[in-house]
Amino acid sequence: MIEAEGAATFRTATDMYGRFVGRYAPSLAVALIRTVGVEPDSRVLDVGCGPGGLATALAEIVGQENVAAVDPSQPFVSVCRARLPTADVRVAAAEELPFEDDSFDAAFAQLVVNFMTDPVRGVEEMRRVVRPSGSVAACTWDYRDGMTMIRAYWDAAHEVAPDEAAEFDEGKTMRYAALDELTGLWQTVDLEEVEGGELSVTAAYEDFEDLWAPLPTGIGPAGAFCASLDPERRQALRAALSRKLGDPEGPFELSARAWYAVGRV
Ligand SMILES: C[S@@+](CC[C@H](N)C(=O)[O-])C[C@H]1O[C@@H](n2cnc3c(N)ncnc32)[C@H](O)[C@@H]1O
């Protein structure tokens, strides 16, 4: 059976997350931080930190001691803590942030809002813990088009298992994967001066196997779908995905587009 709850699919091996979507995290973090602007003496929060790609990029600007990070997944929190031993890294969900009001100058959620159980409550909580005129920012993949790896994956899945792919294609299932929907959420929670736009990044792969290897382990919704297929259809999916990416031999790069929203408290 396919694990329908997207967040639960991230409780698998953290190194597989790094090879799956985590390889995009550092450059996406730099792009998001540059868009929002972070002063060197500010105190910042990374919500849904995963293994800590964004928290690490934030620490390079403000210092680890000025970074807090939360994630409901204990394995991710352990990895993030190991990377940033003097940051405040805790197991917690966006919907119940364990911080006082006005604790931070800015709060970020990178590739997380679409996995929150209650996104309105989660972003309201981000707003609550940020001081007046501080920033609340997030980004989500453009699952429908510009996130090349995930889009090509689901296009291949539609060829191999059309009924199942129609149900689980993240281009259809993911909320806040369109710019107006994401900025609309920022307006719903009464953030001010709301702006949005696109962030474009790339990731490098050693070869096609480097891209494929995490998927059969069940990482993320795409991996959960892959793991649910019988061996024959899984092999057909692998071949179809390779074809969609031009049957790369040796190293290659893929582009990925995310949408961002930022607003002031
Ligand atoms: C795609 S990963 C992104 C991780 C990290 N921000 C990055 O950019 O690599 C999604 C993350 O959201 C976390 N998550 C799921 N539900 C959440 C919630 N309700 N509140 C906070 N984080 C959540 C997952 O555990 C996972 O670490």
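**Group meeting talk: a strand, a ligand and some cysteines**

I will begin with one residue, Val79, which is partly exposed, having a relative accessible area of 27%. Please keep in mind throughout that what we are looking at is a predicted model. Val79 is found in helix α4, which covers residues 74-83, and if you look from there to Gly52, you will find that the two are 27 residues apart in sequence, while their C-alpha atoms are 7.4 Å apart in space.

Another pair of that kind involves Asp210, a residue of helix α10, which takes in residues 208-212. Along the chain Asp210 and Phe20 are 190 residues apart, yet the separation between their C-alpha atoms is 8.9 Å. Is Asp210 buried or exposed? With a relative accessibility of 10%, Asp210 counts as buried, because the cut-off for that word is under 20% relative accessible area.

Let me now turn to the strands, starting with β4, which runs over residues 104-110. Six of the seven residues in β4 are buried, and so this strand is largely enclosed by the rest of the structure. On one side of the pairing list we have strand β1, residues 44-47, which pairs with β4 in the parallel sense over three bridges. Within that pairing, Leu45 has Ala107 of β4 as its bridge partner. Ala107 also stands opposite Val136 in β5, and β4 and β5, which run parallel, are joined by six bridges.

From β5, which spans residues 130-141, we can step on to β7, which spans residues 252-264. These two strands run antiparallel, with seven bridges between them, and an example of facing residues is Ala137, which stands opposite Val262 in β7. Strand β7 is also joined to β6, residues 192-205, again in an antiparallel arrangement, and here there are twelve bridges. If you want one place to find that pairing on the screen, take Ser200, whose bridge partner in β7 is Arg257.

Two residues in these strands deserve a second look for their backbone angles. Ser133, whose place is in strand β5, has a phi near 65°, which is a positive value in a residue other than glycine. Glu193, which lies in strand β6, likewise is not a glycine, and has a positive phi of about 50°. As for their surroundings, Ser133 counts as partly exposed at 41% relative accessibility, whereas Glu193, at 57%, counts as exposed.

Next comes the ligand. How many residues surround the ligand? There are 20 of them, and the closest are Tyr17, Gly48, Asp71, Ala94 and Gln110. Sorted by class, this shell has 13 nonpolar residues, five polar ones and two charged ones. Looking at individual atoms, a polar backbone atom of Ala94 is 2.9 Å from a nitrogen atom of the ligand, and a polar side-chain atom of Glu95 also lies 2.9 Å from a nitrogen atom of the ligand. A further approach comes from Phe115, where a backbone N or O atom lies 3.5 Å from a ligand nitrogen. On its own the ligand has 590 Å² of accessible area, and the protein covers 97% of this.

Now to the cysteines, for which a reminder may help: a disulfide is a covalent bond between the sulfur atoms of two cysteines. The structure holds zero disulfides. Cys49 is in no disulfide, and the nearest cysteine sulfur, which belongs to Cys80, is 4.0 Å away. Why does that distance not count, you may ask? It does not count because a disulfide requires the two cysteine sulfur atoms to be within 2.5 Å. For Cys139, the closest cysteine sulfur is the one in Cys49, at 14 Å, which is too far for a bond. Both residues are buried, Cys49 with a relative accessible area of 6% and Cys139 with one of 0%.

I will finish with a side-chain contact that you can look up yourselves. Ser242 lies in helix α12, which covers residues 231-244, and with 11% relative accessibility Ser242 counts as buried. What joins the side chains of Ser242 and Asp247? The two side chains are joined by a polar contact of 2.6 Å.

Definitions and conventions
Residues numbered from 1 in each chain as written. Predicted model: local features only at pLDDT ≥ 70, side-chain atom pairs only at ≥ 80, totals over all residues. Heavy atoms only, no water. Near = heavy atom within 4 Å. Polar contact = N/O pair within 3.5 Å; in protein donor to acceptor, adjacent residues only side chain to side chain. Areas by Shrake-Rupley, 256 points an atom, 1.4 Å probe, with all protein chains shown as cover. Nonpolar A, V, L, I, M, F, W, Y, C, P; charged D, E, K, R; others polar. Buried < 20%, exposed > 50% of the residue type's maximum accessible area, 1.4 Å probe, protein only. Pairing = 2+ DSSP bridges. Helix = DSSP H or I, 4+ residues; strand = E, 2+ residues; numbered from the N terminus.
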